[in-house]
Amino acid sequence: MTNIDSFDFKGKRTFVRVDFNVPLDENFKITDDTRMRAALPTLKKILGDGGRLIIGSHLGRPKGPADKFSLKHILPHLEELLGVQVKFADDCGSQEALTMAQELKDGEVLLLENLRFYAEEQGKPFLADDASDDEKATAKKAVKESQKAFTKHLASLAEVYVNDAFGTAHRAHASTALMAAYFDKDHKMFGYLMSKEVQAVAKVLKDVKHPFTAIMGGSKVSTKIEIIKNLLTKVDNLILTGGMTYTFVKANGGKIGTSIVEDDKLDLALEIQELAKKQGVNLVIGTDSVIADEFSENAKKDVAQSNDIPDDWMGMDIGPTTIKRFADVIKESKTILWNGPAGVFEFDRFADGTKAVGEAVVEATRHGAFSLVGGGDSVAAVNKFGLADQVSYVSTGGGALLEAIEGKTLPGIAAIED
């Protein structure tokens, strides 16, 4: 596999798959350009070498072309970030796009329109809600047959392929994995961001210093079950927090009031507890909660034992005893993985637990631990509390990070490494 640092891009048409899936307001102004700025080292390396840069990305989840998902809205800011004029191909599957790519000169940039305007990008058709089973089957077959031609067309735009979109690495889409097959090992590589992500994941899954603590938050056990099972074979401590706490508490006979719960996963919660015991993992679940009489920033607020919450109240955050218990475990750790908040941190009155977890991770990092923070809510939390630059690595991955933690092979990574 080629290293981007040692490759000279001068004169070479280079397709870079980035993740520019940025939030836009009602006036199509970017409200958070973090993902764009994260790709700049890769893009500027190519331009600095005198490469001919072709940028491909998706935006949102369109079902065919739609103005609100057009990448033309990010074009002015991209030009500002790169400091050069950027050409725009409004139909990335067209002959015109190929001609524009072929006519690029050294140091020039071409941005392709939203790749997901094409059903072939994801390999699944855009279907009407009332489509019949026969119509679905026919459409799926047609898209699969045309996906190869679309992938080949994208590959024909360039002489070099760079994947710098870890956030889509778990998708076997045309631009994220399939087109890599059209480039030999000397002409396909990871970008700087992708390399950092791959190394960070490897560090917490393969090159671990113990004690290893994973902090899993969020509302549902069901969405994290495979991750939890995989982590139980690797970690010394597993902290389960957030809304999923109350599924475990109820499974053990506790009273949880109106707290969020998955009643169909109570047996699963008990199974996880038993599995942790067999693996010798210290499973840590909160014992007290900050509770509210409604799901509101302005709700009445109190503290209760997590297994004795009044009938009309709900758990919104971890309580003071739990904060101390979590912090003690985290501060003794040498490797830390954090995915998911401890409470409804979006409401300032219920953010103390998540902030305390973040501060404990920062303190452990300061004393030599490697800390990886990933998942949309966790990233939002460390940004909200100003802690992002005080942990070892903040992943942009989301779903890709979670699947990597589950132990799955990510298509976007395998396509380059193979």
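1. Helices and strands here are DSSP runs, numbered from the N terminus; a helix has at least four residues and a strand at least two. The model is predicted. Please keep that in mind for every point below.

2. Start with the largest pocket. Its volume is about 1300 Å³. A total of 44 residues line this pocket, and those nearest its centre are Asp19, Asn21, Arg35, Gly167 and Thr396. By class, the lining has 15 nonpolar, 18 polar and 11 charged residues.

3. Which helix gives the largest share of that lining? Helix 1 does, with 6 residues. Helix 1, helix 6, helix 12 (376–384) and strand 17 (393–394) each supply at least two residues of the lining.

4. Now take the second largest pocket. It holds about 560 Å³ of space. Its lining has 39 residues, and Gly218, Ser219, Gly242, Gly243 and Pro341 are the closest to its centre. The classes are 11 nonpolar, 21 polar and 7 charged.

5. The lining of the second largest pocket draws its largest share, 5 residues, from strand 14. At least two residues each come from helix 8 (245–251), strand 11, strand 14 and helix 12. Helix 12 is worth a second look: the largest pocket also takes at least two lining residues from helix 12.

6. There is also a closed space. The structure holds 1 cavity of 30 Å³ or more. The volume of the largest cavity is about 40 Å³. Its lining consists of Asp19, Arg35, Ala39, Asp164, Ala165, Phe166, Leu193 and Thr396. That makes 4 nonpolar, 1 polar and 3 charged residues. Compare this with point 2: Asp19, Arg35 and Thr396 line the cavity, and they are also among the residues nearest the centre of the largest pocket.

7. Next, the nonpolar cores. In soluble globular proteins, nonpolar side chains tend to be buried together. In this model the largest nonpolar core has 72 residues, and Phe166, Leu231, Leu238 and Leu240 have the most contacts inside it. Helix 6 (residues 192–205) provides the largest share of this core, 7 residues. Another core lies apart from it, with 28 residues that include Phe20, Leu47, Leu53 and Leu71.

8. Two of those core residues deserve a closer look. Phe166 also lines the largest cavity. Leu240 touches Met216, Ile228, Thr245, Phe248, Leu283, Val284, Ile285, Gly286 and Phe326, leaving out residues up to four places away in sequence.

9. Strand 11 (residues 288–292) is mostly covered, with 5 of its 5 residues buried. In a regular strand the side chains alternate between the two faces of the sheet. On one side of strand 11 sit Asp288, Val290 and Ala292; on the other sit Ser289 and Ile291, and all are buried.

10. What does strand 11 pair with? Strand 12 (residues 301–305) runs antiparallel to strand 11, and 5 bridges join them. Ser289 has Ala304 as its bridge partner in strand 12. Strand 14 (residues 314–318) is also antiparallel to strand 11, with 4 bridges. There, Val290 stands opposite Asp317.

11. Last, a charged residue to check. Is Lys45 buried or exposed? Lys45 counts as buried because its relative accessibility is 16%, and the cut-off for buried is under 20%. Lys45 lies in helix 1 (residues 34–48). Setting aside neighbours within four places in sequence, its contacts are Ile4, Asp5, Phe7, Phe9 and Tyr192.

Definitions and conventions. Residues numbered from 1 in each chain as written. Predicted model: local features only at pLDDT ≥ 70, side-chain atom pairs only at ≥ 80, totals over all residues. Heavy atoms only, no water. 1 Å grid on protein atoms, 1.4 Å probe; cavity = no way out; pocket = protein on both sides within 12 Å on 5 of 7 lines; lining within 4 Å. Points joined across faces, edges and corners; volume = space filled by probe spheres on them. Nonpolar A, V, L, I, M, F, W, Y, C, P; charged D, E, K, R; others polar. Buried < 20%, exposed > 50% of the residue type's maximum accessible area, 1.4 Å probe, protein only. Contact = heavy atoms within 4.5 Å. Core = buried A, V, L, I, M, F, W, Y, C linked by side-chain atoms within 4.5 Å. Pairing = 2+ DSSP bridges.
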